[in-house]
Amino acid sequence: MVPHPRTILESLFPSLHLAANYAREIQPRIAAQPDKPDAGSTFAAALSDADLSIQTAVEVALLGSFPDLHFYGEEYAKSYNTKYFKSLDIPQDENYLVLLDPIDGTQFYLDGHQNYHIMLSVVDRQDYCSSLIINPPSQTYYFAIRGEGAYQGKLPKTIGEISFKNAVPLRLRQENLAHEGVLYLGSQVPGLVNNIPLNYKVINLATDYSKTVQVFNHTGILSGGVLGSALASNKLIDVAAVAFVAEQAGCKVTTLRGNPLPPLTEAKDYDRSGGVVIAVMMGVRSAAVLVPVSTSGWSAEFNFAVISATWSARL
């Protein structure tokens with residue numbers, strides 16, 4: 001019998017907790033691996049010992065507990081265990097695919113920053129069923145179950161203790177933001193637009209990243225650090241997992257053109273087409289006002305993304 005997505009998260013929670021402690025402990029002396037070829041950007045190419053070690057730990061736990069589940073981890077090409085899983089693909093039946101990003105934000109991690117995460121999700125052929133996102137430095141985690149909302153909590157002091165029952169609802173709304181008026185743009189979004197209201201600060205990963213000064217990344221939407229995010233890539237192991245948790249917590253999530261996200265069966269290379277916009281809902285207004293831009297190409301899509309992230313500022 002196929003296990004419930006919550007059961008999968010709870011069973012793997014101790015292994016992920018241990019992995020989080022490991023990642024935090026070795027970060028000051030972490031060794032980089034050679035960059036992954038053809039990754040598309042410096043951030044996607046970064047690889048560390050921790051990425052490989054955490055993936056192995058989760059693979060061992062998954063094969064020992066749920067050997068019939070499908071599994072895709074970011075470092076599958078270097079893993080000794082890939083060949084033992086039933087499949088790496090999104091299932092076409094009632095089975096599940098488990099997705100893992102062992103260190104989301106590897107470059108941040110290598111440079112000593114604190115906003116890296118371990119991400120594990122369970123998906124079916126249509127959409128996300130559950131996701132668990134752990135920030136090792138703060139010992140904080142976020143998780144969501146489809147249709148049951150999103151939650152946040154602290155890792156327990158004892159490895160093996162499941163602390164989901166002590167988690168509190170995660171509600172992402174304007175009044176809960178720690179930093180108002182910050183927008184995050186992924187590294188592959190080509191350039192800024194000129195019509196962003198002056199009261200918004202834009203973090204463009206391609207130009208604002210620093211090895212010495214930490215900036216928000218796409219996970220900032222969960223911590224209340226950013227109001228909205230726009231990314232050209234919506235990879236299933238990381239960005240899409242954050243989008244799922246954020247949506248369950250009350251955010252508006254669309255493609256860059258303002259459309260609903262496509263089903264997972266249409267994903268190519270574990271990436272949902274159309275990019276993604278994640279925006280915190282403001283006040284009590286729940287309807288997004290999305291205004292198309294007449295120009296063509298990436299600038300139109302990007303303008304549209306910013307508009308969809310800032311709609312309530314003009315309502």
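In strand β9, the bridge partner of L185 is N204, and this pair belongs to a parallel pairing in which β8 and β9 (residues 201-204) are joined over four bridges. The model in which these strands are seen is a predicted one, and that should be kept in mind throughout what follows. L185 also stands opposite A230 in β10, a strand of residues 228-231 that runs parallel to β8 and is joined to it by three bridges. The side chains of β8 can be sorted by direction, with V182 and Y184 pointing one way and L183 and L185 the other way, and all of these residues are buried.

From this local view one can step back to the chain as a whole, which has eight helices and 12 strands. Of its 315 residues, 55% count as buried, while the area that the chain exposes comes to about 13900 Å², with carbon and sulfur atoms supplying 51% of it. Among contacts between residues at least 6 apart in sequence, 62% join residues that are at least 24 apart.

A second group of strands forms an open sheet of seven, in the order β1-β2-β3-β4-β5-β6-β7 and with mixed pairing. Its edge strands are β1 (70-73) and β7 (168-169), each of which pairs on one side only. Strands of a sheet pair through backbone hydrogen bonds, either parallel or antiparallel. Within this sheet β3 is a useful strand to follow, with antiparallel pairing to β2 over six bridges and antiparallel pairing to β4, also over six bridges. On the β2 side, V98 has V122 of β3 as its bridge partner; on the β4 side, I118 stands opposite I134 and L120 stands opposite L132. The link from β3 to β4 is a hairpin, which passes through four residues.

Is β3 mostly covered, or mostly open? It is mostly covered, since seven of its seven residues are buried, where buried means under 20% relative accessible area. H117, M119, S121 and V123 point one way from the strand, whereas I118, L120 and V122 point the other way, and the residues of both groups are buried.

Helices are also found against this sheet. Helix α1 (residues 5-26) lies across β2, β3, β4 and β5 and runs at about 20° to β4, whereas helix α3 (residues 49-65) lies across β1, β2 and β3 and runs at about 155° to β2.

The nonpolar interior can be described next. The largest nonpolar core has 45 residues, and those that touch the most other members are L99, Y128, I221, L222, V245 and I278. Several elements, including β2 (97-104), β3 (117-123), β4 (128-135), β8 (182-185), α6 (220-223) and α7 (239-248), each supply at least two residues of this core. The element that gives the most is α7, with eight residues. Apart from this core lies another, of 37 residues, among them F66, Y96, Y109 and V122.

One member of the largest core can be followed in more detail. Leaving aside neighbours within four places in sequence, I221 is in contact with L172, V226, L227, G228, S229, V242, A246, C251, I278 and V280. Two of these partners, V242 and A246, are also among the buried residues of α7, which include V239, A240, A241, A243, F244 and V245 as well. Because eight of the 10 residues of α7 are buried, the helix is largely enclosed by the rest of the structure. An α-helix has 3.6 residues a turn, so residues three or four places apart point the same way. After α7 comes G250, whose phi is positive, near 110°.

C251, which appeared above as a contact of I221, counts as buried because its relative accessibility is 7%, under the 20% cut-off. C129 is buried too, with a relative accessible area of 5%. A disulfide is a covalent bond between the sulfur atoms of two cysteines. How many disulfides does a search of the whole structure find? The search finds zero.

Note on methods: Residues numbered from 1 in each chain as written. Predicted model: local features only at pLDDT ≥ 70, side-chain atom pairs only at ≥ 80, totals over all residues. Heavy atoms only, no water. Core = buried A, V, L, I, M, F, W, Y, C linked by side-chain atoms within 4.5 Å. Buried < 20%, exposed > 50% of the residue type's maximum accessible area, 1.4 Å probe, protein only. Contact = heavy atoms within 4.5 Å. Pairing = 2+ DSSP bridges. Disulfide = S-S within 2.5 Å. Areas by Shrake-Rupley, 256 points an atom, 1.4 Å probe, with all protein chains shown as cover. Axes fitted to C-alpha atoms, helices over the stretch in contact; angles between N-to-C directions.
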